[in-house]
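Hi there,

Here is the structure I promised to pass on to you. Could you look it over first, and then read my notes underneath?

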Amino acid sequence: MKKTKPYSMGNGSMAACIFKSLTILGFFVFSSGIAQELPDSIPMNEIRVLASHNSYKIQPTARTMTFINRFKSLLGEENQPFQLSYSHVPISEQLSTYHIRGLELDVYNDPKGGRYFKHRLNFFIPKQRMREEKYKELKEPGFKIIHIPDIDYQTNYLTLSAALEELNAWSLSNPTHAPIFVNIELKGSALGDEAGILRLFGYKKAIPFDRTSLIQMDSLLKEKLSTLYTTTEFRANEKTLQSRIKNQGWPTVGAVRGRIFVIIQGSGVQHYPSNGGAFVYGNAENPNCIFLLYDDPFQFEELTKQMRSTHMIRTRTDAGTIEARANDYSRLTKAQEIGAQILSTDYYKKDPNIGPFVIPFIGFLGD
């Protein structure tokens, strides 16, 4: 199978036709090769869910893409502007229409407010000035959701609070839903961190996440998510998360219906409080880690096979629009083959501007 390079920008019927009869791991029982019907009594690590990548994102405007394409020769093979050309529908539509059960939110720290209000790229693009009224929430203190400040800033949610509120409302309205796994990536770098010349043009540096800001984030998660499944609940009086798995096993599917898991990663994650409500991506040696992030299913094939009984592993079926443009399902097939439980995509629906590529619903039928 072809192995594609991972991308680095910013840090389905057709598919069913290529699936072979995968019999690897007995619990991966497909319905027409696509989805799982599983009883509530099985452990939660034996499900598979479909997730979206950068779940908030709206692709840049045509004017923005035209402008940044002028500089593509300077950006290198792994940072080409075309990799930004994907977009997502609102979270509630992802959950209801496409059965998405994994989300990803990129979050920047903005304790005083206004740091990401001005989109500097627009100063260089005629007829594309910022509509300030539309972005007024960016003036307020709080955690902001952005892919790349100043350039790839179009989003369905300006703030983490707004995204959590919509997610919570949907969860409460669908109390038997399969568990939802939410990645929060803490962003510690912006274009202003990359070069002094960019700072001269007004591009801002990112504000690091420290213990104070992450205590505030933990409070926000607990306030906004009524159905949050916490580390304390998972631990079930054991000393560590892994000791709970060893001594009591994983929670069953029935026990986690209607619940939301938040997993934090990224810059400053070490400051997240150990008694916080969210889980943290880590490494297999950490006794308080039950989630692993292995983006490339080829690179981490053996580790995924080894760790999936004691961890839930998130991987990607496509990246940077590359597989979509080539109509290449090799990453998807490998991810299924090795048993990763959270499969992330930008293409739970087709993009007519790119082609027929789509990742069909291959997750847990548990609504």
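**Two positive phi angles**

H99 counts as partly exposed, at 26% relative accessibility; the cut-offs are under 20% relative accessible area for buried, over 50% for exposed, and partly exposed in between, with a 1.4 Å probe and protein chains only. Phi of H99 is positive, near 60°, in a residue other than glycine. H99 sits in the loop between α3 (91-97) and β2 (102-110). Helices (H or I, at least four residues) and strands (E, at least two) are DSSP runs, numbered from the N terminus.

N54 also has a positive phi, of about 45°, without being a glycine. Its place is the loop between β1 (49-52) and α2 (62-69), and N54 is buried at 2% relative accessible area.

**Ground rules and overall numbers**

Please keep in mind that this is a predicted model, in which local features need pLDDT of at least 70 and side-chain atom pairs count only at pLDDT 80 or more, while totals for chains, interfaces and linings use all residues. Residues are numbered from 1 along each chain as its sequence is written, and side-chain values use heavy atoms, with hydrogens and water left out.

The average pLDDT (the predictor's confidence in each residue, from 0 to 100) is 86 for the chain, and 87% of the residues score at least 70. Over residues 1-33 pLDDT stays under 50, and the model has 83 contacts beyond four places in sequence for them; a contact means heavy atoms within 4.5 Å. Where pLDDT is low, the predicted coordinates should not be read in detail.

The chain has 13 helices and 9 strands. Of its 367 residues, 56% count as buried. The accessible surface is about 15,700 Å², and carbon and sulfur atoms account for 52% of that; these areas come from the Shrake-Rupley method with a 1.4 Å probe, and for residues only the protein chains shown count as cover.

**The nonpolar cores**

A nonpolar core is a set of buried Ala, Val, Leu, Ile, Met, Phe, Trp, Tyr and Cys residues joined through side-chain atoms within 4.5 Å. The largest one holds 51 residues, of which L160, I184, M217, L221, V262 and I264 touch the most other members. Elements that each supply at least two residues to this core include β3 (142-145), β4 (180-186), α7 (211-224) and β5 (260-266). Helix α4 gives the most, with 5 residues.

Leaving out residues up to four places away in sequence, V262 touches V182, I184, L221, L225, L228, A278 and F279. Apart from the largest core lies another, of 22 residues, with F234, I245, I290 and F291 among them.

**Aromatic rings and charges**

The structure holds 16 aromatic pairs. Rings of Phe, Tyr and Trp (its six-membered ring) pair if their centres lie within 6.5 Å; planes under 30 degrees apart count as stacked, over 60 as edge-to-face and the rest as tilted. One of the pairs is F234 with F279, edge-to-face at 5.9 Å centre to centre and 90° between the planes. Because F234 lies in helix α8 and F279 in strand β6, this pair ties together parts that are 45 residues apart in sequence. Both F234 and F279 are buried, and both belong to an aromatic cluster with F181, Y229, W250, F261, Y281 and F291.

F234 has a charged partner too: the charged end of R244 sits over its ring, 5.3 Å from the centre. That label needs NZ of Lys or CZ of Arg within 6 Å of the ring centre and within 35 degrees of the ring normal. Elsewhere, the charged end of K57 sits over the ring of Y86, 4.7 Å from its centre.

R244 belongs to helix α9 (residues 241-248), where L241, Q242, S243, R244 and I245 are buried. Their cover includes α8 (231-235) and β6 (279-280). After α9 comes G249, with a positive phi near 80°.

**Two buried polar residues**

Q265, in strand β5, is buried at 11% relative accessible area. Its C-alpha atom is 6.1 Å from that of L186, 79 residues apart along the chain. Beyond its neighbours within four places in sequence, Q265 is in contact with residues including E104, N183, E185 and Y281.

T159 lies in the loop between β3 and α4 and is buried, with a relative accessible area of 11%. Not counting residues up to four places away in sequence, T159 touches E137, F143, K144 and I145.

Happy reading, and all the best!
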